[in-house]
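Thanks for coming. I have one structure to go through today, and I will take the open space in it before the fold. Here it is.

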Amino acid sequence: MDTLTIVTSAITAIFGAGGVGAYFKYANNKIATIAEQQAQFTAQLIEETSTLREAITARDSHIIKLQAEVRTLTNKVSKLSDHLDDYESRVMEFDAKDLIEEILNSLDFPAWVHSIEENRWYVNDTYAEVFSCLRREFWTPVNVLASIPSGLASKYISNNIKCLDSNSGIVFEEEFVCEGMDGYKVVPVAKYPLTAGGRKYVFGCAKLGHDLWGQDISS
């Protein structure tokens, strides 16, 4: 006999046939209650798991959003730093240019800077006055070769090249047209090679009369 038959026979012997039905009803209700509790527990577990997953997803989304904001902020800081560096470099560049202009315009003898690659001259106020060179300001470039004979122009350029090749200051004699004078005047000029930003320049200054670049040598 199997176990169910033995249990049924024992219950029948003790409680009668009605007891068997009551027992199985009780057992079925108990099983149903357990199944319902298990179903509720499973449903609750699924709900809590879903809530946890949503919370994790929301957290991950928030983290991703924060990471994106951090990257954006980092990019903005980097760009701001670049802008500041550019601004500082420009300010320093402008300050340097203003300083050069102030220094050269303060000289009481003709002085100039010749940009070799651009073939432009930047002349000080004394140069503009003495040699009748019209320009708006120091950093307005002029081409002093445009108004002189080709022979003189070639000599200017040749002397500049000699200065650059020697990499040292050299005194030359060059001809200029001075204010209030007819024809050309031979003027001693000192020329010095310069390099800035990979470009070649020649700085020049001229002696007039007994005045040697601002110093009286007549005595």
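The lining of the largest pocket is made up of ten nonpolar residues, one polar and four charged. Bear in mind that this is a predicted model. The volume of that pocket is about 520 Å³. Its lining has 15 residues, and those nearest the centre are Lys 97, Ile 100, Trp 139, Ala 196 and Tyr 201.

Which elements give two or more residues to this lining? They are helix H2, residues 17–106, together with strands S4 and S5. The most comes from H2, which gives five residues.

Now the enclosed space. How many cavities of 30 Å³ or more does the structure hold? The count is one. The space in the largest cavity is about 60 Å³. Around the largest cavity sit Trp 112, Trp 121, Tyr 127, Val 144, Tyr 156, Asn 160, Glu 174, Phe 176 and Lys 191. Two or more of these lining residues come from each of H4 and S3. By type, the cavity lining has six nonpolar residues, one polar and two charged.

Next, the sheet. It is an open sheet of five strands, with the order S2-S1-S5-S4-S3 and antiparallel pairing. At the edges are S2, residues 120–123, and S3, residues 170–176, each of which pairs on one side only. From one strand to the next the twist averages 30°. Helix H4, residues 150–166, packs on this sheet and touches S1, S2, S3, S4 and S5. The direction of H4 makes about 170° with that of S3.

As a general reminder for anyone following the side chains on the screen, in a regular strand they alternate between the two faces of the sheet.

Let me take two of the strand pairs. S4, residues 185–196, and S5, residues 199–206, are joined by eight bridges in the antiparallel sense. One position to find there is Thr 195, whose bridge partner in S5 is Lys 200.

The other pair is S1 and S2, which run antiparallel and are joined by four bridges. Here His 114 has Trp 121 in S2 as its bridge partner. Trp 121 is a residue you have heard already, since the list of residues lining the largest cavity includes Trp 121. The hairpin of S1 and S2 has four residues between the strands, and Asn 119 in this hairpin takes a positive phi near 55°.

Last, the aromatics. Over the whole structure, a search finds six aromatic pairs. One of them is Tyr 122 with Phe 138, a tilted pair with 6.5 Å from centre to centre and 35° between the planes. Why does this pair tie together parts that are 16 residues apart in sequence? Because Tyr 122 lies in strand S2, while Phe 138 is in the loop between helix H3, residues 125–130, and H4.

To recap, there is a pocket of about 520 Å³, a cavity of about 60 Å³, and an open sheet of five strands with H4 packed on it. That is what I have.

Notes. Residues numbered from 1 in each chain as written. Predicted model: local features only at pLDDT ≥ 70, side-chain atom pairs only at ≥ 80, totals over all residues. Heavy atoms only, no water. Pairing = 2+ DSSP bridges. Axes fitted to C-alpha atoms, helices over the stretch in contact; angles between N-to-C directions. Contact = heavy atoms within 4.5 Å. 1 Å grid on protein atoms, 1.4 Å probe; cavity = no way out; pocket = protein on both sides within 12 Å on 5 of 7 lines; lining within 4 Å. Points joined across faces, edges and corners; volume = space filled by probe spheres on them. Nonpolar A, V, L, I, M, F, W, Y, C, P; charged D, E, K, R; others polar. Phe/Tyr/Trp six-rings, centres within 6.5 Å; stacked < 30°, edge-to-face > 60°.
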